Structures are given as C-alpha cells and as structure tokens.
Amino acid sequence: MAHNLLKSVQMEEQIHGLTLQTCAEIMARDGELKAQYGERDYKPHLHQFLASQGIDENTWAHSWNGCGLIALRVPLTAQ
C-alpha cells in the first residue's frame with residue numbers, strides 16, 4: 001500500500017509543469033507516431049500533438065530530461 005502511495009505521489013511530481021504521468025503519455029504517443037509516420041517524418045505530428053496539449057517542444061525536452069530523474073526513484077519491483 002505504501003509503495004502505491006509513493007508511486008502515486010511521484011507520478012504527480014512536476015518538472016517544468018509536466019508530471020511523470022504526462023511524460024509517459026507523451027512518450028507513448030511519440031512511439032505511436034514514429035510507428036505510423038517513420039522516424040524521419042513523425043516530428044511535425046509530435047509537435048502538433050504537443051501543441052494540442054498546450055506544450056511546446058522546449059518545455060517537453062526539458063521535462064523529459066527531468067522526468068527521467070523522477071523515474072529513477074520509482075522502484076520497479078517493489079510491491
């Protein structure tokens with residue numbers, strides 16, 4: 001139970017205004033767009049998605065770097 005609470009709190013931590021949950025959702029969309037449009041052509045679609053969420057590429061880049069640091073604190077195997 002304590003692990004779930006810790007994980008929940010960490011998912012709500014914000015880096016440059018984005019939570020770890022939001023970062024995970026953007027990365028999932030990033031993967032979908034890469035699969036759909038290819039590595040070379042997906043970026044404009046990602047930028048469009050980010051804009052639809054009110055996020056610019058610079059904020060996303062800084063947040064993703066910071067979200068990786070939060071993710072390191074979330075135990076993967078603890079129950």
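Let's start at Q53, which counts as partly exposed because its relative accessibility is 47% (buried means under 20% relative accessible area, exposed over 50%, and partly exposed in between, with a 1.4 Å probe and protein chains only). This is a predicted model, where local features need pLDDT of at least 70 and side-chain atom pairs count only at pLDDT 80 or more, while totals for chains, interfaces and linings use all residues. Residues are numbered from 1 along each chain as its sequence is written, and side-chain values use heavy atoms, with hydrogens and water left out.

Q53 sits in the loop between α3 and α4. Helices (H or I, at least four residues) and strands (E, at least two) are DSSP runs, numbered from the N terminus. In sequence, Q53 is 27 residues apart from I26, yet their C-alpha atoms are 9.6 Å apart in space. Just after α3 you also meet G54, with a positive phi of about 75 degrees.

Now step back for the layout. The protein has 4 helices and 2 strands, and from the N terminus on they run α-β-β-α-α-α. Of its 79 residues, 25% count as buried. Take the contacts (heavy atoms within 4.5 Å) with a separation of 6 or more: residues 24 or more positions apart account for 62% of them.

Next, look at α3 itself. L46, F49 and L50 are buried there. Seen down the axis of α3, its buried residues fall within an arc of 100 degrees, so they line one face of the helix (the arc is that of the directions from the helix axis to the C-beta atoms). Turn to the face away from that buried side and you find the exposed residues P44, Q48, A51 and S52.

What does α3 pack with? Its partner is α2, at an angle of about 150 degrees and with the axes 9 Å apart. Here, axes are lines fitted to C-alpha atoms, for helices over the stretch in contact, and angles run from 0 to 180 degrees between N-to-C directions. On the α2 side the contact is made by I26, R29, D30, L33 and Y37, and on the α3 side by H45, L46, F49 and L50. Sorted by type, these residues give 6 nonpolar, 1 polar and 2 charged (Ala, Val, Leu, Ile, Met, Phe, Trp, Tyr, Cys and Pro count as nonpolar, Asp, Glu, Lys and Arg as charged, and the others, Gly among them, as polar).

The largest nonpolar core has 10 residues in all: L18, C23, I26, L33, Y42, L46, F49, L50, I55 and W60. The elements giving two or more residues to this core are α2 (20–37) and α3 (43–52). A nonpolar core is a set of buried Ala, Val, Leu, Ile, Met, Phe, Trp, Tyr and Cys residues joined through side-chain atoms within 4.5 Å. Leaving out residues up to four places away in sequence, core member I55 touches L18, T22, I26, L50 and W60.

Finally, move on to helix α4 (residues 57–71), where you'll find S63. S63 counts as buried because its relative accessible area is 0%. Not counting residues up to four places away in sequence, S63 touches I15, H16, L18 and C23. Q14, in strand β1 (residues 14–15), is 49 residues apart from S63 in sequence, but the two are 8.3 Å apart in space, C-alpha to C-alpha. Q14 counts as exposed because its relative accessible area is 52%.
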